[in-house]
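Let's take a walk through a protein chain together, starting with a pair of helices and moving on to the inside and the loops. Have the picture ready as you read.

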Amino acid sequence: MKLKVVYFGSSLAGKSTNVKKLYEILKERGLAKGEFVSMETDEQRTLFVEMFVSSLNIEGVEMDVKIMTTPGQFRLHPLRKVIVKGVDGLVFVVDSSVERKEVNFLVMRETAAVLKEQGHDLLHFPVVVQYNKRDLPSAMPIDDMQMMFNPWDTDYVESVAIEGKGVLETFVKIIKNILVAKHGKSSAL
């Protein structure tokens with residue numbers, strides 16, 4: 001089985017940091033195969049990140065997972081459409097700082113529109129919301145963030161991705177949500 005997971009969110013929300021930390025964690029366990037690829041713009045901003053996890057065995061089912069990030073910058077909207085094509089599950093990385101709440105919301109709306117163009121409804125799609133940068137002094141209360149950024153009332157994870165906190169938990173939850181959506185399996189990963 002092959003799965004594609006895409007991390008989306010506003011610029012500087014921590015998407016690339018998440019995938020880089022996940023790569024380090026899975027590489028240490030012998031699960032990440034191949035290289036971690038990061039493409040940057042001329043302004044040293046991440047264009048996208050890509051990595052592969054192979055031979056992941058869940059309840060006897062072997063799977064390969066392709067993990068990508070979308071660019072956070074709005075001017076790169078066409079690239080987001082290409083990256084999201086064929087996705088099986090999304091991780092919505094939300095910057096917890098109160099200063100970023102409007103841009104977080106705009107990215108969520110834009111991603112819903114991209115998925116709709118591809119025949120999916122974001123409200124019925126496998127998603128995990130990750131509230132990143134929980135260590136910031138200006139971090140919004142989780143209850144407020146849940147109301148604004150989790151209309152699915154789906155799983156969420158609090159994280160400090162730069163320290164690796166919540167990174168693996170987020171990945172496990174999105175794989176679980178994809179499997180439940182595809183096959184009704186609720187594996188204890």
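**Two helices that cross**

In this predicted model, begin with helix 1 and helix 5, whose axes come within 9 Å and cross at roughly 90°. The two helices are therefore roughly perpendicular to each other. If you wonder what these two values are for, two packed helices are described by the angle between their axes and the distance between the axes.

Which residues in helix 1 and helix 5 meet? From helix 1 come N18, K21, L22, I25 and L26, and from helix 5 come V167, L168 and F171. Sorted by class, the contact of helix 1 with helix 5 has six nonpolar residues, one polar residue and one charged residue.

**The nonpolar cores**

Now look inside the model. The largest nonpolar core has 28 residues, and Y7, V65, I67, F171 and I175 are those with the most contacts inside it. Several elements give two or more residues to this core: strand 1 (2-9), helix 1 (15-28), strand 3 (46-58), strand 4 (61-69), strand 5 (89-95) and helix 5 (167-183). Which element gives the most to this core? Helix 5 does, with six residues.

F171 is a good place to pause, since you have already met F171 in the contact between helix 5 and helix 1. Not counting residues up to four places away in sequence, F171 touches Y7, L22, L26, V53, L56, V65 and I67. Apart from the largest core lies another core, of 24 residues, with M68, L90, V114 and F149 among them. As background, in soluble globular proteins, nonpolar side chains tend to be buried together.

**A buried glutamine**

Is Q130 buried or exposed? Q130, found in strand 6 (residues 127-132), has a relative accessible area of 0%, so Q130 is buried. Leaving out residues up to four places away in sequence, Q130 touches N18, V91, F92, V93, V94, V157, S159, G166, V167 and T170. Two of these names may sound familiar: N18 and V167 also take part where helix 1 meets helix 5.

**Residues in the loops**

Next, follow the chain into its loops. M140 sits in the loop between strand 6 and helix 4 (142-149), and M140 is buried because its relative accessible area is 6%, under the 20% limit. Beyond its neighbours within four places in sequence, M140 is in contact with S96, S97, V98, K101, R134, M145, M148 and F149. One of these, F149, belongs to the core of 24 residues.

P141 is found in the loop between strand 6 and helix 4 too, but P141 is partly exposed, with a relative accessible area of 47%.

Q118 lies in the loop between helix 3 (101-117) and strand 6. With a relative accessible area of 27%, Q118 is partly exposed. Outside its neighbours within four places in sequence, Q118 is in contact with K81, V84, K85 and G86.

G30 is in the loop between helix 1 and strand 2 (32-40), and G30 counts as partly exposed at 38% relative accessibility.

Each of these loop residues can be paired with a residue elsewhere in the sequence, as the table shows.

| Pair | Separation in sequence | C-alpha to C-alpha distance |
|---|---|---|
| Q118 and V87 | 31 residues | 9.9 Å |
| M140 and K101 | 39 residues | 8.8 Å |
| P141 and S97 | 44 residues | 9.6 Å |
| G30 and S55 | 25 residues | 9.7 Å |

**Two positive phi angles**

Which residues have a positive phi without being glycine? L12 is one of them, with phi near 65°. L12 has its place in the loop between strand 1 and helix 1 and is exposed, with a relative accessible area of 57%. D153 is another, with a positive phi of about 55°. D153 lies in the loop between helix 4 and strand 7, and D153 is exposed, at a relative accessible area of 65%.

**How confident is the prediction?**

What pLDDT does the chain average? The average is 88, and 95% of the residues score at least 70. Among the elements of the chain, strand 3 has the lowest mean pLDDT, 74, while strand 7 (residues 156-158) has the highest, 98. Keep strand 3 in mind when you look back at the largest core, as strand 3 is one of the elements that give two or more residues to it.

Notes
Residues numbered from 1 in each chain as written. Predicted model: local features only at pLDDT ≥ 70, side-chain atom pairs only at ≥ 80, totals over all residues. Heavy atoms only, no water. Core = buried A, V, L, I, M, F, W, Y, C linked by side-chain atoms within 4.5 Å. Buried < 20%, exposed > 50% of the residue type's maximum accessible area, 1.4 Å probe, protein only. Helix = DSSP H or I, 4+ residues; strand = E, 2+ residues; numbered from the N terminus. Contact = heavy atoms within 4.5 Å. Axes fitted to C-alpha atoms, helices over the stretch in contact; angles between N-to-C directions. Parallel < 35°, antiparallel > 145°, perpendicular 65-115°, else oblique. Nonpolar A, V, L, I, M, F, W, Y, C, P; charged D, E, K, R; others polar. pLDDT = per-residue confidence, 0-100.
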